[in-house]
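Trainee: I have a structure open that is new to me, and I would like to learn how to read it step by step. Could we look at it together?

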Amino acid sequence: MGFSETQEELVLRSWQSMKKDSESIALKFFLRIFEIAPAAKQMFSFLRDSGDDVPLESHPKVKACESATQLRKTGDVKVREATLRRLGATHVVKTALLDTIKDAVPEMWSPEMKGAWEEAYDQLAAAIKEEMKKAA
């Protein structure tokens, strides 16, 4: 299929709305990943080594994920390739992303918007996988 103009408009409109609270939404996204797949915590050494004594939402490094504005600020996000592969292989990220968006903009959510975000995610994931193949 391809990413249609209508899908692009839906994604951009919802993104504009979500940007107003991006730090909180980023935190909710990561917490949703860990809720769906608790084993995902093992992919992050700072969580694996911290034990269960600090609630995730209070963990300083998870809180730093609220600043998932790293890409916007620096133009460069560094995530270990192995971590990306494991997260991508579990399909957890897509589910967490869709759940987070649905909760962030419930008044905008529709089957069409869900389809638009799914297509955007699938195309991004395919591009990342292709670049990883080239780098390997």
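Mentor: We will go from the overall make-up to the helix contacts, the cores and two single residues, and please keep in mind that this is a predicted model.

Trainee: Let us begin with the whole chain: how many helices and strands does the secondary structure of the protein come to?

Mentor: A helpful habit is to list the elements before looking at how they pack. Here the protein has 8 helices and 0 strands, and reading along the sequence gives the pattern α-α-α-α-α-α-α-α. Of its 136 residues, 32% count as buried. Among the contacts with a separation of 6 or more, 67% are accounted for by residues 24 or more positions apart.

Trainee: How should I read a pair of packed helices, and at what angle do α1 and α8 pack?

Mentor: One looks at the angle and the separation of the axes, and then at the residues that meet. Helix α1, residues 5-18, packs with α8 at an angle of about 95°, the axes being 8 Å apart. Angles of 65 to 115 degrees count as roughly perpendicular, and α1 and α8 are therefore roughly perpendicular to each other. On the α1 side the contact is made by Q7, L10, V11, S14, W15 and M18, while α8 brings E112, M113, G115, A116, W117, E119 and A120. By type, the residues of this contact of α1 with α8 divide into 8 nonpolar, 3 polar and 2 charged.

Trainee: And how do α2 and α7 cross?

Mentor: The axes of α2 and α7 come within 9 Å and cross at roughly 135°, which makes α2 oblique to α7. The crossing in which α2 passes α7 is right-handed. From α2, the residues I25, K28, F29, R32, I33 and I36 meet V92, V93, T95, A96, L97, D99, T100 and A104 of α7. This contact of α2 with α7 consists of 9 nonpolar, 2 polar and 3 charged residues.

Trainee: Which residues touch the most other members of the largest nonpolar core?

Mentor: The general idea comes before the case: in soluble globular proteins, nonpolar side chains tend to be buried together. In this model the largest nonpolar core has 13 residues, and F29, I33, F34, A40 and V93 touch the most other members. Helices α2 (22-36), α7 (92-104) and α8 (111-135) each supply at least two residues of this core, with the largest share, 4 residues, coming from α2. There is also a second, separate core of 12 residues, and V11, L98, I101 and W117 are among its members.

Trainee: Since W117 has now come up twice, is W117 buried or exposed?

Mentor: For a single residue, one can go through its helix, its accessibility and its partners in turn. W117 is found in helix α8, and with a relative accessibility of 10% W117 counts as buried. Apart from its neighbours within four places in sequence, W117 is in contact with V11, S14, W15, M18, L97, L98 and I101. One of these partners, S14, is 103 residues away from W117 along the chain, yet their C-alpha atoms are separated by 9.7 Å.

Trainee: What is the relative accessible area of K94?

Mentor: K94, which lies in helix α7, is partly exposed, with a relative accessible area of 22%. Leaving out neighbours within four places in sequence, K94 is in contact with E118, Y121 and D122. From K94 to D122 the distance is 8.5 Å, C-alpha to C-alpha, with their positions 28 residues apart in sequence.

Notes:
Residues numbered from 1 in each chain as written. Predicted model: local features only at pLDDT ≥ 70, side-chain atom pairs only at ≥ 80, totals over all residues. Heavy atoms only, no water. Core = buried A, V, L, I, M, F, W, Y, C linked by side-chain atoms within 4.5 Å. Buried < 20%, exposed > 50% of the residue type's maximum accessible area, 1.4 Å probe, protein only. Axes fitted to C-alpha atoms, helices over the stretch in contact; angles between N-to-C directions. Parallel < 35°, antiparallel > 145°, perpendicular 65-115°, else oblique. Left-handed = near helix turned anticlockwise from the far one by under 90°. Contact = heavy atoms within 4.5 Å. Nonpolar A, V, L, I, M, F, W, Y, C, P; charged D, E, K, R; others polar.
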